[in-house]
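Colleague: Please take one part of this model and go through it closely. I want any cavities and pockets, and what lies around them.

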Amino acid sequence: MQLAELVKDWPCTVKGSIRTEIIQVEDDARRVKPGDLFIARKGKHYHGLTFLDEAMEKGAVAIAVEDEMQFDSLKLPIPIVWVPNCLSFLAFASAKLYGFPAEALSVIAVTGTNGKTTVTHFIGQLLTKLQQRVMVIGTNGIFIDGEKCYQELESLTTLQSKHLQFLLSKALEQKIDYVVLEASSMGLAKHRLDHCEVSLGVFLNVTEDHIEDHGSFDDYKKSKQLLTKLTKKILINNDDAVCRSIGIIAKNKKYYFGTGNKVDVHLQLLYETSSVSVCCIQADGEKHVVTLPIIGEYQRNNVLAALSSLAILGLPFHELCQATQSLSLPKGRFEQISNPLGVKIYIDYAHTADAMKGILQTLKKHASNRLIVVFSCGGDRDQAKRPKMGMVASAFADYIILTTDNSRGESPQKINEQIRKGFSSLQQFESILDRQQAIEKAIKMARQGDTIVILGKGHEQTQQIGQQTTHFSDKECVELILKQLEVS
């Protein structure tokens with residue numbers, strides 16, 4: 001596509017030949033290929049202009065900048081394009097080069113502090129059960145009809161627009177009708193979903209998280225609200241006060257799900273065992289009693305969000321209700337690890353106070369003996385939530401082992417000291433900074449009937465301490481310890 005065609009619908013100024021052929025857009029100089037337009041955006045640590053020579057050496061045929069002074073002063077042998085916002089232009093140009101593929105797809109975007117991965121995977125499973133082809137994009141990776149693929153792409157909750165538009169084009173090629181994706185606050189704020197036409201935006205919950213990235217809770221909420229600008233229809237969790245407030249000011253066509261009154265899709269818990277929830281789900285006067293292979297209020301809400309999304313898009317409600325009875329949680333979410341010790345062992349990705357409360361409340365309710373909790377908090381992230389998570393853990397745990405999560409540039413001891421501020425004075429706990437040793441201690445101290453839950457990392461396969469990132473999987477760690485105990 002000629003540069004003139006690429007930018008004709010975008011506010012810009014061009015120095016150089018507008019007839020230059022553009023094959024693709026790229027904002028990472030290391031990945032530039034011949035024929036690319038290099039977008040020299042400002043990053044967290046470096047500016048793209050620092051790598052301008054590298055980009056041209058690799059074959060960049062044009063460059064885009066957003067600083068007018070830089071545009072005026074740069075003199076290059078290739079065209080220079082000034083745009084008001086490089087990230088927004090990256091999204092537009094990516095979509096245009098791929099022919100705006102989202103317009104030919106049913107795209108469901110799910111946002112929320114907690115539950116995005118679970119709900120997107122539930123939607124994917126329901127669609128597969130109803131014989132529909134689906135691509136799911138999010139924290140756990142990219143899946144087509146339940147099979148993981150495109151593992152070479154970077155691991156982000158919401159992919160960069162250049163990768164997202166590529167995947168949407170591939171979905172069209174493979175005759176996939178539905179694309180379900182996680183819309184993170186940072187992904188929305190950084191324009192990654194701009195120019196991706198969304199059929200339905202889903203709001204699960206909004207609680208404190210990523211405050212250090214956004215500056216305040218209000219700015220965090222505003223980032224979530226950006227999803228309303230990308231879609232005509234929104235689905236709102238009526239049980240969440242912040243989501244309701246977003247619904248009040250949104251001008252979209254609105255639908256609500258929840259356990260209270262005045263909702264479009266309603267769930268009532270009839271009874272719960274340690275392994276299933278029996279519920280009555282109803283919409284438009286149609287009512288079904290279903291047995292969900294899932295427990296806990298927060299997970300039932302995730303099921304309801306997934307079912308409601310597809311019911312609103314016109315899929316048959318009775319078939320959706322039947323399909324919910326075969327749902328399974330994605331890896332690292334309330335995942336139970338079988339063992340011969342007579343102990344229940346779970347791993348979960350919960351890394352906010354709200355998510356932690358959801359899982360610990362459920363486990364405590366069904367625990368026949370002690371609840372042992374292993375966790376910490378990530379470094380270089382919101383410090384204010386640490387004592388809150390400590391308070392939640394202390395409210396439910398009989399014994400806590402504080403360890404190390406992805407401490408990054410912070411001291412694990414300092415992180416755990418902040419968590420401990422939320423503990424009750426009677427809380428039994430200890431600190432074991434080596435995560436493997438902490439998990440081993442929990443398993444070895446457990447008695448028959450105890451429940452162990454290891455929180456914070458879930459599906460993750462690495463751990464970052466300081467500048468070093470090493471392979472680490474909570475699940476693999478548990479299985480290795482169990483194997484060693486079996487041998488001994």
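What follows goes from the empty space to the elements beside it, then to other sites.

Modeller: This is a predicted model, in which local features need pLDDT of at least 70, side-chain atom pairs count only at pLDDT 80 or more, and totals for chains, interfaces and linings use all residues. Residues are numbered from 1 along each chain as its sequence is written, and side-chain values use heavy atoms, with hydrogens and water left out.

Start with the enclosed space. One cavity of 30 Å³ or more is counted. A cavity is a set of points, on a 1 Å grid over the protein atoms alone, where a 1.4 Å probe fits but cannot get out; a pocket is an open set with protein on both sides within 12 Å along at least five of seven lines; lining residues have an atom within 4 Å of a point. The largest cavity holds about 50 Å³ (points are joined across faces, edges and corners, and volume is the space filled by probe spheres set on them). Its lining consists of Ser274, Ile295, Lys344, Tyr346, Leu363, His366, Ala367 and Thr451. By class, that is four nonpolar, three polar and one charged (Ala, Val, Leu, Ile, Met, Phe, Trp, Tyr, Cys and Pro are nonpolar, Asp, Glu, Lys and Arg charged, the others, with Gly, polar). S18 and helix H13 (353-366) each supply at least two of the lining residues (helices, H or I of at least four residues, and strands, E of at least two, are DSSP runs numbered from the N terminus).

Now the second largest pocket. Its volume is about 240 Å³, and 14 residues line it. Ser275, Pro293, Leu329, Phe334 and Gln336 lie nearest the centre. Strand S17 (335-337) and strand S18 (344-348) each give two or more residues to this lining. The class split is seven nonpolar, four polar and three charged. S18 thus contributes to the lining of the pocket and also to that of the cavity.

Both linings draw on the S14-S15 hairpin. Four residues separate strands S14 and S15. Ser274, from the cavity lining, sits in that connection, and so does Ser275 from the pocket. The strands run antiparallel over seven bridges (strands pair if DSSP finds at least two bridges between them). His266 of S14 faces Gln282 of S15. On its other side, S15 is joined to strand S16 (residues 286-292), also antiparallel and also by seven bridges. Ala283 stands opposite Glu286 there. Two residues make the turn between S15 and S16, and Asp284 has a positive phi near 50°. Six of the seven residues of S15 (277-283) are buried, so this strand is largely enclosed by the rest of the structure (buried is under 20% relative accessible area, exposed over 50%, partly exposed in between, with a 1.4 Å probe and protein chains only).

Next, the helix that packs on S18. Helix H16 (residues 435-445) has Arg435, Ala438, Ile439, Ala442, Ile443 and Met445 buried. These residues pack against S18, strand S19 (371-375), strand S20 (399-402), strand S22 (451-455), strand S23 (462-465) and H17 (contact is heavy atoms within 4.5 Å). At the start of H16, a side-chain oxygen of Asp434 comes within 3.0 Å of the backbone nitrogen of Gln436. Such a pair fits the polar-contact rule (N or O atoms within 3.5 Å; within protein, one able to donate a hydrogen and the other to accept it; residues adjacent in sequence count only through side-chain atoms on both sides).

Asp474 ties H17 to this group. The residue belongs to helix H17 (residues 474-487). Asp474 counts as buried because its relative accessibility is 0%. Its side chain makes a polar contact with the side chain of Arg435, at 2.9 Å. Beyond neighbours within four places in sequence, Asp474 touches Ile347, Arg435, Ile439, Ile454, Lys457 and Gly458. Ile347 belongs to S18, and Ile454 to S22.

Two further sites, for completeness. Arg192 lies in the loop between helix H7 (185-189) and strand S11 (200-203), and is buried because its relative accessibility is 14%. Its side chain reaches the backbone oxygen of Thr158 at 3.0 Å. Its C-alpha atom is 6.9 Å from that of Leu159, 33 residues away along the chain. In strand S3 (residues 36-39), Asp36 and Phe38 point one way, Leu37 and Ile39 the other, and all are buried. S3 pairs in parallel with strand S2 (residues 24-26) over three bridges, and with strand S4 (residues 62-65) over three bridges, again parallel. Gln24 stands opposite Asp36, and Phe38 opposite Ile63.
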